[in-house]
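User: I am new to this structure and would like to get to know it step by step. Please show it to me first, and then I will ask my questions.

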Amino acid sequence: MAQRPVIVECAVCRQPLEHAEAGAEVRLYLGPGDKLAELWLPLCVHHAERFREAYLRETVECRVARVSDGHSR
Ligand SMILES: [Zn+2]
């Protein structure tokens, strides 16, 4: 079976990445010491720059806009 190259897209705008390893590690906390997740977000150059700004601030605002378990809305 031939291996196809994996095209990695920006997690924000879905643009194919120039550098597959470009991205940001984001840690989400429900409260102090209560970690929800560590997520690696692949990012395009533009969004990597935006996330660099967030990284320098260290903490950013986050809102959970929707949650689904797949069974109900
Ligand atoms: Zn992007």
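User: Does Cys13 count as buried, partly exposed or exposed?

Analyst: Happy to help! This is a predicted model, in which local features need pLDDT of at least 70 and side-chain atom pairs count only at pLDDT 80 or more, while totals for chains, interfaces and linings use all residues. Residues are numbered from 1 along each chain as its sequence is written, and side-chain values use heavy atoms, without hydrogens and water. Buried means under 20% relative accessible area and exposed over 50%, with partly exposed in between (1.4 Å probe, protein chains only), so Cys13 at 33% is partly exposed.

User: Which residues are the protein donors of the zinc ion?

Analyst: Donors are N, O and S atoms within 2.8 Å of the metal (3.2 Å for Na, K and Ca); water is not among the atoms, so sites may look incomplete. Here the donor atoms lie 2.1 to 2.4 Å from the zinc ion, and along the chain they follow the spacing C-x2-C-x30-C-x2-H. The residues are Cys10 (SG), Cys13 (SG), Cys44 (SG) and His47 (ND1).

User: What is the geometry of the zinc site?

Analyst: Four donors count as tetrahedral if all angles lie between 85 and 135 degrees. The ideal value for four tetrahedral donors is 109.5 degrees. Among the 4 donor atoms of the zinc ion the angles are 100 to 115 degrees, and the site is tetrahedral.

User: Where is His47 found, and which residues is it in contact with beyond four places in sequence?

Analyst: Helices (H or I, at least four residues) and strands (E, at least two) are DSSP runs numbered from the N terminus, and His47 is in helix H1, residues 45–57. With 15% relative accessibility, His47 counts as buried. Contact means heavy atoms within 4.5 Å; leaving aside neighbours within four places in sequence, the partners of His47 are Cys10, Val12 and Cys13.

User: How far apart are the end C-alpha atoms of H1?

Analyst: The expected span of a helix is 1.5 Å times one less than its number of residues. For the 13 residues of H1 that gives 18 Å, which agrees with the distance in the model, 19 Å.

User: Which residues make up the largest nonpolar core?

Analyst: A nonpolar core is a set of buried Ala, Val, Leu, Ile, Met, Phe, Trp, Tyr and Cys residues joined through side-chain atoms within 4.5 Å. Cys10, also a zinc donor, counts as buried at 0% relative accessibility. The largest core has 5 residues: Cys10, Leu17, Ala24, Leu43 and Cys44.

User: Which residues does Phe51 touch, not counting those up to four places away?

Analyst: Phe51 sits in helix H1 and is partly exposed at 26% relative accessibility. Not counting residues up to four places away in sequence, Phe51 touches Val12, Ala24, Val26, Leu41 and Leu43.

User: With which side chain does Arg27 make a polar contact?

Analyst: Arg27 lies in strand S1, residues 23–31, and is partly exposed at 47%. A polar contact is a pair of N or O atoms within 3.5 Å; within protein, one must be able to donate a hydrogen and the other to accept it, and residues adjacent in sequence count only if both atoms are side-chain atoms. At 2.6 Å, the partner of the Arg27 side chain is that of Glu25.

User: What is phi of Glu58?

Analyst: Glu58 comes just after H1 and is exposed, with a relative accessible area of 70%. Its phi is positive in a residue other than glycine, near 75 degrees.

Technical notes:
Tetrahedral: all angles 85-135°; square planar, octahedral: opposite > 155°, others 65-115°.
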